[in-house]
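Work through the exercises below with the sequence and the 3D structure at hand. Try each task before reading its solution.

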Amino acid sequence: QVQLVESGGGLVQAGGSLRLSCAASGRTFTSSTMAWFRQAPGKEREFVATIRWSGRTSTTYYADSVKGRFTVSRDNAKNTVDLQMNSLNPEDTAVYYCAATSRLLSIAVVTIMRQYDYWGQGTQVTVSS
């Protein structure tokens with residue numbers, strides 16, 4: 001059974017930065033798709049970013065709302081996926097969730113929640129104005 005644990009959330013002022021980390025345990029994926037989603041109060045959960053890899057090759061994909069500000073990366077040695085968030089604004093306030101699947105998802109479906117088999121519990125990010 002795969003477990004995902006997010007960390008790194010907190011309170012930050014607008015314009016600031018935070019780095020989230022998602023640690024996977026229970027299985028090491030040689031190929032996989034892992035993603036970050038977020039859910040703001042009163043809103044549906046939405047896609048943020050994804051990283052797909054097979055062996056040493058990886059590709060990333062971002063929601064338009066975070067492109068240029070957020071960066072997703074993977075640490076193979078630690079079996080973690082990080083989300084570096086810069087230039088944060090109050091609209092980024094949400095609970096951020098890590099998701100994973102052992103399948104190498106097509107870019108056409110990486111934004112779809114049901115494509116992911118494993119989910120973390122989420123970490124709160126609050127951006128004050």
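## Exercises on contacts and burial

The side chains of Arg74 and Asn79 are joined by a polar contact of 3.3 Å. A polar contact is a pair of N or O atoms within 3.5 Å; within protein, one must be able to donate a hydrogen and the other to accept it, and residues adjacent in sequence count only if both atoms are side-chain atoms. The model is predicted, so local features need pLDDT of at least 70 and side-chain atom pairs count only at pLDDT 80 or more, while totals for chains, interfaces and linings use all residues. Residues are numbered from 1 along each chain as its sequence is written, and side-chain values use heavy atoms, with hydrogens and water left out.

**Exercise 1. Describe the surroundings of Arg74.**

Step 1. Locate the residue: Arg74 is in strand β7, residues 70-75. Strands (E, at least two residues) and helices (H or I, at least four) are DSSP runs, numbered from the N terminus.

Step 2. Look for a charged partner. Arg74 is buried and has no salt bridge; Asp75, the nearest side chain of opposite charge, is 7.7 Å away. Buried means under 20% relative accessible area, exposed over 50%, and partly exposed in between (1.4 Å probe, protein chains only). Lys and Arg count as positive, Asp and Glu as negative, and His and the chain ends are not counted. A salt bridge needs a side-chain nitrogen of Lys or Arg within 4 Å of a carboxyl oxygen of Asp or Glu.

Step 3. Look for polar partners. Besides the contact with Asn79 at 3.3 Å, the side chain of Arg74 has a polar contact of 2.6 Å with that of Asn76.

**Exercise 2. Find the salt bridges of Arg38 and Arg69, and state whether each partner is buried or exposed.**

Step 1. Recall the principle: side chains of opposite charge can pair when their charged atoms come close. The count of salt bridges is six.

Step 2. Take Arg38. Its salt bridge is with Glu46, and the closest N and O atoms are 2.7 Å apart. Arg38 is buried at 6% relative accessible area, whereas Glu46 is partly exposed at 37%.

Step 3. Take Arg69. Its side chain meets that of Asp92 in a salt bridge of 2.8 Å, N to O. Arg69 lies in the loop between β6 (57-62) and β7, and Asp92 in the loop between β8 and β9, so this pair ties together parts that are 23 residues apart in sequence. Arg69 is buried at 15%, and Asp92 is buried at 1%.

Step 4. Combine the pairs: Arg38, Glu46, Arg69 and Asp92 are linked in a network of salt bridges.

Step 5. For comparison, take Asp64 and Lys67, which form a salt bridge with the closest N and O atoms 3.1 Å apart. Asp64 is exposed at 66%, and Lys67 is partly exposed at 48%.

**Exercise 3. Which cysteines form a disulfide, and which strands hold them?**

Step 1. Apply the rule: a disulfide is a pair of cysteine sulfur atoms within 2.5 Å. The structure holds one.

Step 2. Name the pair: Cys22 and Cys98, with sulfur atoms 2.0 Å apart. Cys22 lies in strand β3 and Cys98 in strand β9, so the link ties together parts that are 76 residues apart in sequence.

Step 3. Add the geometry and the burial. The angle about the S-S bond is -80°, and the link is left-handed. Cys22 is buried at 0% relative accessible area, and Cys98 is buried at 0% as well.

**Exercise 4. How many residues are in the largest nonpolar core, and which strands supply them?**

Step 1. Apply the rule: a nonpolar core is a set of buried Ala, Val, Leu, Ile, Met, Phe, Trp, Tyr and Cys residues joined through side-chain atoms within 4.5 Å.

Step 2. The largest nonpolar core has 37 residues, and those with the most contacts inside it are Leu4, Met34, Trp36, Leu83, Met85 and Tyr96. At least two residues of this core come from each of β3 (18-25), β4 (31-39), β5 (46-54), β7, β8, β9 and β11 (123-128).

**Exercise 5. Describe the contacts of Thr93.**

Step 1. Thr93 is in the loop between β8 (80-85) and β9 (94-101).

Step 2. Its side chain reaches the backbone oxygen of Pro90 at 3.0 Å and the backbone nitrogen of Val127 at 2.9 Å.

Step 3. Contact means heavy atoms within 4.5 Å. Not counting residues up to four places away in sequence, Thr93 touches Ala40, Pro41, Gln124, Val125, Thr126 and Val127.
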